[in-house]
Amino acid sequence: MTTVGTAAADSGGGHGAPGQGDPYFPLSGNGGYTVRHYDLDLGYEPATKKLTGDATVTARAGQALAAFDLDLSGLTVNRVRVDGRTAHWTRHGQELVVTPPHALRKGATFRVDVAYSGVPQYVTDPDGSADGWITTDDGAFVAGEPQGAMSWFPSDNNPLDKASYSFRVTVPAGYTAVCNGVLDAQHTRGGKTTFQWRQDQPMASYLATATVGRFDVQRYTTASGIPVYNAVDPREAAGAAPALAKIPEILDWETKLFGPYPFSAAGAIVDDAHDVGYALETQTRPIYDRAPDVSTVVHETAHQWFGDSVSLTSWKDIWLNEGFATYAEWLWQEQHGGDTAQATFDHYDGLPATDSLWDFPSADPGNGANIFASPVYTRGAMALQELRDAVGDKDFFAILKAWAREHRYGNGTTGQFVALSEHLSGKHLGTLFHTWLYTAGKPATS
Ligand code: TRP
Ligand code: ZN
């Protein structure tokens with residue numbers, strides 16, 4: 001599994017680890033450095049499916065480095081430079097191993113420039129789902145959770161290493177390229193259109209997108225001042241309109257519940273990509289594989305706080321994303337004339353012990369094939385309802401806000417969430433969380 005780099009010409013420094021030790025995705029991410037910024041200059045031709053990329057990664061060495069890895073799967077690397085000088089590189093599976101001409105000093109800021117091209121191949125995850133650069137009949141649906149970012153740009157592909165991004169994507173005129181954050185410029189010249197996007201707040205690589213298609217674009221600014229950019233496949237436009245119209249209301253409602261919206265832009269990408277089978281909370285601008293309903297928009301928008309701004313530390317803590325986003329759906333129903341969250345809880349609590357909902361505990365899915373299964377989503381939301389029931393509404397909503405505030409733009413762990421809940425409520429919650437997050441099988445009803 002470990003690749004051994006050739007010693008740097010002038011010695012000094014080790015080889016950054018090929019992974020960050022995530023138990024489910026051991027090779028996702030790399031050791032030895034952290035990224036500050038990704039500058040991605042891309043060209044895409046829907047007709048030939050060919051991607052041309054030039055990625056400039058600005059990073060800081062956490063140790064002296066004779067060599068280090070980036071995650072990249074498929075594609076052809078044409079050239080690598082470090083600080084403007086040609087670097088030696090090899091490929092081992094998803095690891096692009098870079099040996100700069102001189103070892104990097106601990107603490108040094110350095111720039112890696114990777115020129116690459118080819119037809120991207122999406123990643124198949126342990127649960128069989130596709131993620132990454134997924135071609136459609138008019139472009140590509142680009143969603144990288146959990147591993148797919150490496151199918152279209154070289155990165156430190158682990159949510160622990162968040163960075164700012166800028167994108168320049170050139171596509172044939174008539175196509176739209178939609179990324180995260182704000183659109184700085186768009187110009188058409190010689191039959192090609194270039195879209196320049198910028199995401200200033202820290203972002204995990206799996207939340208990056210550069211989706212391409214023939215889209216209708218809607219732009220406006222909400223009354224609370226957030227610029228919205230929606231790109232909608234015309235074939236899904238009628239179905240999507242009712243839910244998209246609620247984006248400002250959902251943003252305001254979630255801001256009241258969870259605290260300030262963490263990003264400087266919002267919106268949606270609604271594609272016609274039904275084979276994908278899921279939506280993703282791509283930062284600032286969730287991507288939907290079809291026209292979403294309101295509940296799905298509530299879910300993906302809630303992820304902007306829980307998942308995107310506050311990121312997980314290890315993939316086994318995925319309930320911190322999905323349990324929270326699912327609970328936001330329950331709260332939306334409760335406050336918009338539907339079932340109370342308690343009634344929704346009771347419904348699921350009525351499922352027999354043999355139901356797949358109880359297949360594994362929310363905070364210990366066991367392996368990467370389980371991270372998007374119902375014990376993570378529904379049982380995770382049930383754990384939050386149990387917490388709310390134990391501490392009362394005032395403390396519960398204070399806990400949600402404090403979680404979003406204390407880990408804003410960073411990462412959190414289940415242990416930290418438990419500690420925060422106990423601290424703010426002044427209650428011992430060990431048994432509750434042990435039962436709902438860590439104990440196999442259906443919990444005994446309280
Ligand atoms: N995080 C997405 C959501 O709940 C779902 C998701 C992303 C997913 N990637 C996936 C589901 C891969 C299944 C397989 O909004
Ligand atoms: Zn989700």
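**View 1. Arg 79 and its partner Asp 113.** In this predicted model, Arg 79 comes out as partly exposed, because its relative accessibility is 24%. Its side chain meets that of Asp 113 in a salt bridge, with 3.7 Å from N to O. Arg 79 belongs to strand 5 (residues 76-82) and Asp 113 to strand 9 (residues 109-118), so this pair ties together parts that are 34 residues apart in sequence. Asp 113 has 16% relative accessibility and therefore counts as buried. The model has 14 salt bridges in total, and the next two views show a few others.

**View 2. Arg 235, Asp 272 and the network around them.** Here the closest N and O atoms of Arg 235 and Asp 272 are 3.2 Å apart, in a salt bridge. Both partners sit in loops: Arg 235 between strand 19 (227-232) and helix 1 (237-244), Asp 272 between strand 20 (266-270) and strand 21 (287-288), so the pair ties together parts that are 37 residues apart in sequence. Arg 235 is partly exposed at 45% relative accessibility, and Asp 272 is partly exposed at 21%. Zoom out a bit and you can pick up the rest of the network of salt bridges, which links Asp 137, Asp 138, Asp 233, Arg 235 and Asp 272.

**View 3. A salt bridge between Asp 289 and Arg 290.** The closest N and O atoms of this pair are 3.0 Å apart. Asp 289 is buried, with a relative accessible area of 5%, whereas Arg 290 is partly exposed at 33%.

**View 4. The zinc site.** Three residues hold the zinc ion (ligand 2) in this view: His 299 and His 303, each through NE2, and Glu 322 through OE, at 1.9 to 2.0 Å. Along the chain these donors follow the spacing H-x3-H-x18-E. His 299 is in helix 3 (residues 294-305) and Glu 322 is in helix 4 (residues 319-335), so the pair ties together parts that are 23 residues apart in sequence. Both His 299 and Glu 322 are buried.

**View 5. Trp 133 against Trp 152.** Aromatic pairs come to 31 in this model, and this is one of them: the ring centres of Trp 133 and Trp 152 are 5.9 Å apart and the planes meet at 50°, so the pair is tilted. Trp 133 is part of strand 11 (residues 130-136), while Trp 152 is in the loop between strand 12 (139-143) and strand 13 (163-172), so the pair ties together parts that are 19 residues apart in sequence. Both rings belong to buried residues: Trp 133 has 1% relative accessibility and Trp 152 has 0%.

**View 6. Trp 253 edge-to-face with Trp 332.** This aromatic pair has 5.0 Å from centre to centre and 85° between the planes. Trp 253 is in helix 2 (residues 247-258) and Trp 332 is in helix 4, so the pair ties together parts that are 79 residues apart in sequence. Trp 253 and Trp 332 are both buried.

**View 7. A cluster of rings, and a charge over a ring.** Ring pairs link a whole set of aromatic residues into a cluster, among them Phe 258, Tyr 261, Trp 305, Trp 319, Trp 403 and Phe 433. For an inset, try Tyr 175: the charged end of Arg 214 sits over its ring, 4.3 Å from the centre.

**View 8. Asn 158 and the residues it touches.** Asn 158 is found in the loop between strand 12 and strand 13. With 2% relative accessibility, Asn 158 counts as buried. Its side chain reaches the backbone oxygen of Ser 28 at 3.3 Å. Leaving aside residues up to four places away in sequence, Asn 158 touches Gln 20, Asp 22, Ser 28, Gly 29 and Ser 205. Pro 146 is also in the loop between strand 12 and strand 13, and the peptide bond leading to it from Glu 145 is cis, with omega near 0°.

**View 9. Positive phi at Lys 49 and Asp 83.** Neither is a glycine, yet phi is near 65° at Lys 49 and about 50° at Asp 83. Lys 49 is in the loop between strand 2 (33-45) and strand 3 (50-61), and Asp 83 is in the loop between strand 5 and strand 6 (85-86). Lys 49 is partly exposed at 34% relative accessibility, and Asp 83 is partly exposed at 40%.

How values were computed. Residues are numbered from 1 along each chain as its sequence is written. Chains are lettered from A and ligands numbered from 1 in the order in which they are written. This is a predicted model: local features need pLDDT of at least 70, side-chain atom pairs count only at pLDDT 80 or more; totals for chains, interfaces and linings use all residues. Side-chain values use heavy atoms; hydrogens and water are left out. Donors are N, O and S atoms within 2.8 Å of the metal (3.2 Å for Na, K and Ca); water is not among the atoms, so sites may look incomplete. Helices (H or I, at least four residues) and strands (E, at least two) are DSSP runs, numbered from the N terminus. Buried means under 20% relative accessible area, exposed over 50%, partly exposed in between (1.4 Å probe, protein chains only). Rings of Phe, Tyr and Trp (its six-membered ring) pair if their centres lie within 6.5 Å; planes under 30 degrees apart count as stacked, over 60 as edge-to-face and the rest as tilted. A charge sits over a ring if NZ of Lys or CZ of Arg is within 6 Å of the ring centre and within 35 degrees of the ring normal. A salt bridge is a side-chain nitrogen of Lys or Arg within 4 Å of a carboxyl oxygen of Asp or Glu. A polar contact is a pair of N or O atoms within 3.5 Å; within protein, one must be able to donate a hydrogen and the other to accept it, and residues adjacent in sequence count only if both atoms are side-chain atoms. Contact means heavy atoms within 4.5 Å.
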